[in-house]
Each structure stands twice: as structure tokens, then as C-alpha cells.
Amino acid sequence: MFEPVLDVIAAVCLLLGALLSAAAGVGLLRFPDALSRMHAASKPQILGLVLVLAAIALTARSWSTVLVLVPVLLFQLLTVPISAHMIGRAGYRTGNFRRELLLVDELEEAVERASVEQSEERRRAEPDDR
């Protein structure tokens with residue numbers, strides 16, 4: 001009697017997870033710059049994955065399946081923010097962002113300081129031709 005209810009919940013979770021993952025894919029294709037795409041690639045993708053994993057756990061109804069799914073979820077929860085942060089920094093440094101959309105630019109001073117330090121190191125490393 002309880003199993004059909006779990007099947008319906010699993011189907012709803014699977015459908016919502018697929019919709020969120022598809023929304024993330026559409027966002028990756030449609031958003032104009034790397035910073036916007038980073039947002040689309042992280043938040044709906046993780047929630048979609050959580051829903052798909054919940055659907056798998058509800059369908060399988062075994063602890064061994066849950067023990068396999070938990071590390072998948074943990075690694076995604078740990079790596080997605082880090083990779084999004086690195087993609088955001090790379091997009092900023094390559095100029096793949098729309099400055100007019102930024103409310104606060106906290107990275108500008110650090111990038112300028114790093115550029116000055118790099119140019120000074122190159123100048124010191126070049127042989128003196130006098």
C-alpha cells in the first residue's frame with residue numbers, strides 16, 4: 001500500500017530533477033558571460049542532482065544504494081562551489097564578463113596588484129642589455 005506512494009514521489013522527484021538540470025543546460029547556453037553561466041551551472045544543477053538521487057533512493061529502497069549515492073552527493077556539494085569559484089575567476093581575468101552587471105567589483109584591485117607584480121618580476125628576470 002505504501003509502495004505506490006513512494007513510486008509517485010520518486011517520479012515527481014525525477015521529473016523535477018530533470019527539469020532543473022535542463023534549466024541549467026539552457027542557462028549555460030543562453031546567459032551572456034562566464035559569471036552568469038557559473039550561476040546557472042551550479043545552483044539548479046545541484047538541486048536537480050539531489051532530486052534525481054532522491055528518486056533513485058526511493059525507487060531502489062535499499063541501504064546499499066543509499067550508501068553509493070551519498071558519496072556522489074557529498075563530492076558534488078564539495079566540488080561545485082570550488083569549481084564555480086575558479087571558473088568565475090578565470091572568466092574575470094580573461095574579460096569574459098559584463099562589467100555593467102556587477103554591483104561591487106571586489107576582484108579588480110587584487111587583479112591589478114597581481115598584474116603589477118608580474119610585470120615587475122618579468123622586468124627583473126630580463127637580462128640587462130646595456
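I began with Gln118, which counts as partly exposed at 45% relative accessibility (buried is under 20% relative accessible area, exposed over 50%, and partly exposed in between, with a 1.4 Å probe and protein chains only). The model is a predicted one, in which local features need pLDDT of at least 70 and side-chain atom pairs count only at pLDDT 80 or more, while totals for chains, interfaces and linings use all residues. Residues are numbered from 1 along each chain as its sequence is written, and side-chain values use heavy atoms, with hydrogens and water left out.

I placed Gln118 in helix H4, residues 108–125 (helices are DSSP runs of H or I with at least four residues, strands are runs of E with at least two, and both are numbered from the N terminus). From Gln118 to Leu101 I noted 17 residues in sequence and 28 Å in space, C-alpha to C-alpha.

Staying in H4, I looked up the salt bridge between Arg124 and Glu120, whose closest N and O atoms are 3.6 Å apart (a salt bridge is a side-chain nitrogen of Lys or Arg within 4 Å of a carboxyl oxygen of Asp or Glu). The two residues are 4 apart in helix H4 and so separated by about one helical turn; Arg124 counts as exposed at 61% relative accessibility, whereas Glu120 is partly exposed at 30%.

By this rule I have 5 salt bridges in the count. One of them joins the side chains of Asp7 and Arg61 at 2.7 Å, N to O. This pair links distant parts of the chain, with Asp7 in helix H1 and Arg61 in the loop between H2 and H3, 54 residues apart. Asp7 is partly exposed, with a relative accessible area of 40%, and Arg61 is partly exposed at 36%. I also noted that Arg61, although not a glycine, has a positive phi of about 55°.

For the helix pair H1 and H2, I found axes that come within 7 Å and cross at roughly 160° (axes are lines fitted to C-alpha atoms, for helices over the stretch in contact, and angles run from 0 to 180 degrees between N-to-C directions). That makes H1 roughly antiparallel to H2 (angles under 35 degrees count as roughly parallel, over 145 as roughly antiparallel, 65 to 115 as roughly perpendicular, and the rest as oblique).

Last, I looked at Leu19, which lies in helix H1, residues 3–30, and is exposed, with a relative accessible area of 52%.
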